[in-house]
Amino acid sequence: MTLGNSMLIPIFPNMKSALDISQMQVSLTITVFSIAGAIFIPIVGYLSDRFSRKVVIIPSLFLFGFGGLLAGLAAAFFSNPYIWILVGRAIQGIGAAGTAPVAMALTGDLFKGGEQSRVLGIFEASNGLGKVLSPIIGSILGLMIWHLVFFAFPAISLVSLLLVLFFVKEKANRLSPPPFRKYANGLFSVFKHEGRWLFTVYLAGGTCLFTLFGVLFFLSDELENQYSIYGVVKGLILAIPLLVMVTTSYITGSKIGKNMEKMKKLQLIGFALMTLSYSLLAFFDQMILFLSILAISSVGSGLILPCVNSLITGSVGKKRRGFVTSLYGSVRFLGVALGPPIFSRLMDWSRLGMFISVAAFTLIVGLLVLLLLHVKGKDGKKKSNTKFRYKYV
């Protein structure tokens, strides 16, 4: 899923030149992918609860590969390929909807307690590893032909499909799925009683992805126009903040266990670091210093995301976990979708205004976490506000 967007970022200037399109039109190749994913994620989440995780994941991987193939063929052979690239990207987004969000629910099915948090930390780190590798891979492929990136998607999808088919084993004792009305009533009850804190952590996760892809979009353009850095070197530089986030995510996931009090504290620290980083970035443009300050925000994201994953995955029983985690996936996708076009507009307006606005936004989200996410106990079993986790198992 992460390859679907991050691998395109290094080739954006080439795409803009080859297709003779605007910066906003370039950003839409990420936006349509992410919006399509956001729309379909709740649907595939319900289907994964209704049937099984693998029944959803395997066709989704096929669609992801097919959409990439369509976009690549359009770029290579069509006289006016842009609209077909968008169609292919939309199909990819539908396919991506049934990958990582459903895999997160599957992780919740297969692991419990502190082991679940540790594996979800690995999950977030692998998500980030895809982001680290993808700009490097995209840069290497872009050196040959810019649209070669699209043909990499079906190849990667095929490998993933075979691995899931043969090596992922779901538990055999699945309960018969409930009728849709009963399922919907259970979800309504969950969000009615726990919606305030649940939507707060949704927003926290979405904010991390929004700022990450927005800044990467800005940095990709800046590296070429401001510093004349291209190719693999550009991909390696884009990977630096992602690598910092991956490392922090892995360490965080391995340390938090089921300690919800610690999860809240780490999220607050994360948003404080993000706010500080974006405030400072408004005043520095020397590349090494810029990247060093940007790494502070990556540490913040790495603290926040594993905590959000663990809170959401452990907050609801298996019967409805697919939908709840998939809805979170929709929010993440929307964050990715909104990042590039909003940052594109802010870049046209003011560099200073862009970073100050983003810093103010992360500060507000951090305050919402402080005020709306109430946890008291270290084990979260008796004193946490996530009581429904134990009611709907």
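**Aromatic pairs and a helix contact**

Hi everyone, let me start with one residue: Phe64 is buried, as its relative accessible area is 7%, under the 20% cut-off. Please keep in mind that this is a predicted model.

Phe33 counts as buried too, with a relative accessibility of 0%. So what do the two rings do together? Let's look at the search for aromatic pairs, which finds 13 in the whole structure. In one of them, the ring centres of Phe12 and Phe217 are 5.9 Å apart and the planes meet at 65°, so this pair is edge-to-face. Phe12 sits in helix H2 and Phe217 in helix H9, so the pair ties together parts 205 residues apart in sequence. Both of these residues, Phe12 and Phe217, are buried.

Now back to Phe33 and Phe64: they also form an edge-to-face pair, at 6.3 Å centre to centre with 75° between the planes. Phe33 belongs to helix H3 and Phe64 to helix H4, so to speak two distant parts of the chain, 31 residues apart, are linked here. Ring pairs also join Phe33 and Phe64 with Trp146, Phe150 and Phe153 in a cluster.

Next, the helices. How do H7 and H8 pack? Their axes are 8 Å apart, at an angle of about 125°, and the two helices are therefore oblique to each other. On the H7 side, Gly138, Leu141 and Met144 make the contact, and on the H8 side Leu148, Val149 and Ala152. Five of these residues are nonpolar, one is polar and none is charged.

Finally, Ser134, which is also in helix H7. Is Ser134 buried or exposed? Its relative accessibility is 0%, so Ser134 counts as buried. Leaving aside residues up to four places away in sequence, Ser134 touches Thr2, Leu3, Ser6 and Met7.

Key: Residues numbered from 1 in each chain as written. Predicted model: local features only at pLDDT ≥ 70, side-chain atom pairs only at ≥ 80, totals over all residues. Heavy atoms only, no water. Axes fitted to C-alpha atoms, helices over the stretch in contact; angles between N-to-C directions. Helix = DSSP H or I, 4+ residues; strand = E, 2+ residues; numbered from the N terminus. Parallel < 35°, antiparallel > 145°, perpendicular 65-115°, else oblique. Contact = heavy atoms within 4.5 Å. Nonpolar A, V, L, I, M, F, W, Y, C, P; charged D, E, K, R; others polar. Buried < 20%, exposed > 50% of the residue type's maximum accessible area, 1.4 Å probe, protein only. Phe/Tyr/Trp six-rings, centres within 6.5 Å; stacked < 30°, edge-to-face > 60°.
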